[in-house]
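Welcome! Please take a look at the sequence and the 3D structure below, and keep both at hand as you read through the briefing.

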Amino acid sequence: MADDGEDWSAPSRRRSHPLLVVVVLAVTTGHLLVTQCSERRPATRAAPPSDAEARVNVLALCDAVQAHRDEHGVYVTAGPTPKGIPRGGRAVAFPKDEAFHRIGFEPDGKVNFQYQVVVQESPVGEPEVSCLARGDFDGDGLNSLYRVRLDANGMTTPIEVQNEGE
């Protein structure tokens, strides 16, 4: 057998490609940063309050008011409930209220808004019904107002919002 000068039993040393080293280091560093940042976030942090509750509930409230009118022939006024407007993103229990109970609107648990049904007579003698939600997420005394109106045919208007996010 001819000896060509190579020793097959010795480990060979190959040089790493510099671009490969840079990519591996970048991926590793990125992974460490992501895992470190995500571990510092409190796992029990509550979601910030949102206006989704008001949007869903004013529509549900108007539906309940219209269903009650369809069944009993009259619109019912209700609220404002709870008596004080919830402030600073702190939810409060929705108290038992006879008028809301009569129309079938009873939010479960706590609410971030005060709810009300206002019935007024229009200049032409038709009832004007407004379903309202008021809240103050940031606690500065300026309230958000969400309103849905029922027209003479029982159809709801789009949600009107004043001072959204307050």
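The protein averages a pLDDT of 80, and 70% of the residues score at least 70; pLDDT is the predictor's confidence in each residue, from 0 to 100. This is a predicted model, in which local features need pLDDT of at least 70, side-chain atom pairs count only at pLDDT 80 or more, and totals for chains, interfaces and linings use all residues. Residues are numbered from 1 along each chain as its sequence is written, and side-chain values use heavy atoms, with hydrogens and water left out.

**Where the confidence drops**

- Over residues 20-25 the pLDDT stays under 50, and the model has one contact there beyond four places in sequence; contact means heavy atoms within 4.5 Å.
- Residues 37-46 also have pLDDT under 50, and for this stretch the model has zero contacts beyond four places in sequence.

**The sheet**

- Five strands form an open sheet in the order β1-β4-β5-β6-β7, with antiparallel pairing. Strands here (E, at least two residues) and helices (H or I, at least four residues) are DSSP runs, numbered from the N terminus, and two strands pair if DSSP finds at least two bridges between them.
- At the edges lie β1 and β7 (160-162), each of which pairs on one side only.
- On average, neighbouring strands of this sheet are turned by 25° against each other, direction ignored; the axes behind such angles are lines fitted to C-alpha atoms, for helices over the stretch in contact, and angles run from 0 to 180 degrees between N-to-C directions.
- As general background, strands of a sheet pair through backbone hydrogen bonds, either parallel or antiparallel.
- Two bridges link β1 with strand β4 (residues 114-121) in the antiparallel sense. Look for Thr81, which stands opposite Tyr115 in β4.
- Strand β5 (residues 127-135) pairs with β6 over seven bridges, again in the antiparallel sense. In this region, Gly135 stands opposite Ser144 in β6.
- Three bridges join β6 to β7, and the two run antiparallel. Here Tyr146 faces Val161 in β7, standing opposite it.
- How many of the seven residues of strand β6 (residues 144-150) are buried? Six of them are, so the strand is mostly covered; buried means under 20% relative accessible area, exposed over 50% and partly exposed in between (1.4 Å probe, protein chains only).

**Backbone details**

- A cis peptide bond joins Gly79 and Pro80, with omega about 10°. Pro80 has its place in strand β1.
- Another cis peptide bond runs from Thr81 to Pro82, with omega near -10°. Pro82 sits in the loop between β1 and β2.
- Asn163 has a positive phi, near 55°, in a residue other than glycine. This residue is in the segment after β7, and Asn163 is partly exposed, with a relative accessible area of 37%.

**A closer look at Arg87**

- Where is Arg87 found? It is in the loop between β1 (78-81) and β2 (92-93).
- With a relative accessible area of 36%, Arg87 is partly exposed.
- Arg87 and Phe137 are 50 residues apart along the chain, yet their C-alpha atoms are separated by 5.7 Å.
- Leaving aside neighbours within four places in sequence, Arg87 is in contact with Asp136, Gly139, Gly141 and Asn143.
- The side chains of Arg87 and Asn143 make a polar contact (3.0 Å). A polar contact is a pair of N or O atoms within 3.5 Å; within protein, one must be able to donate a hydrogen and the other to accept it, and residues adjacent in sequence count only if both atoms are side-chain atoms.

**Salt bridges**

- The structure holds five salt bridges, each being a side-chain nitrogen of Lys or Arg within 4 Å of a carboxyl oxygen of Asp or Glu.
- In general, side chains of opposite charge can pair when their charged atoms come close.
- Asp51 and Arg55 meet through their side chains in one salt bridge (2.8 Å, N to O). Asp51 counts as buried at 18% relative accessibility, whereas Arg55 is partly exposed at 27%.
- Arg55 also meets Glu164 in a salt bridge (3.0 Å, N to O). Because Arg55 lies in helix α2 (residues 52-72) and Glu164 in the segment after β7, this pair ties together parts that are 109 residues apart in sequence. Glu164 counts as exposed, at 52% relative accessibility.
- Arg149 forms a salt bridge with Glu160, their closest N and O atoms being 2.9 Å apart. The pair links strand β6, home of Arg149, to strand β7, home of Glu160, 11 residues apart.
- Both partners are partly exposed: Arg149 has a relative accessible area of 32% and Glu160 has 31%.
- Asp51, Arg55 and Glu164 are joined into one network by salt bridges that share partners.
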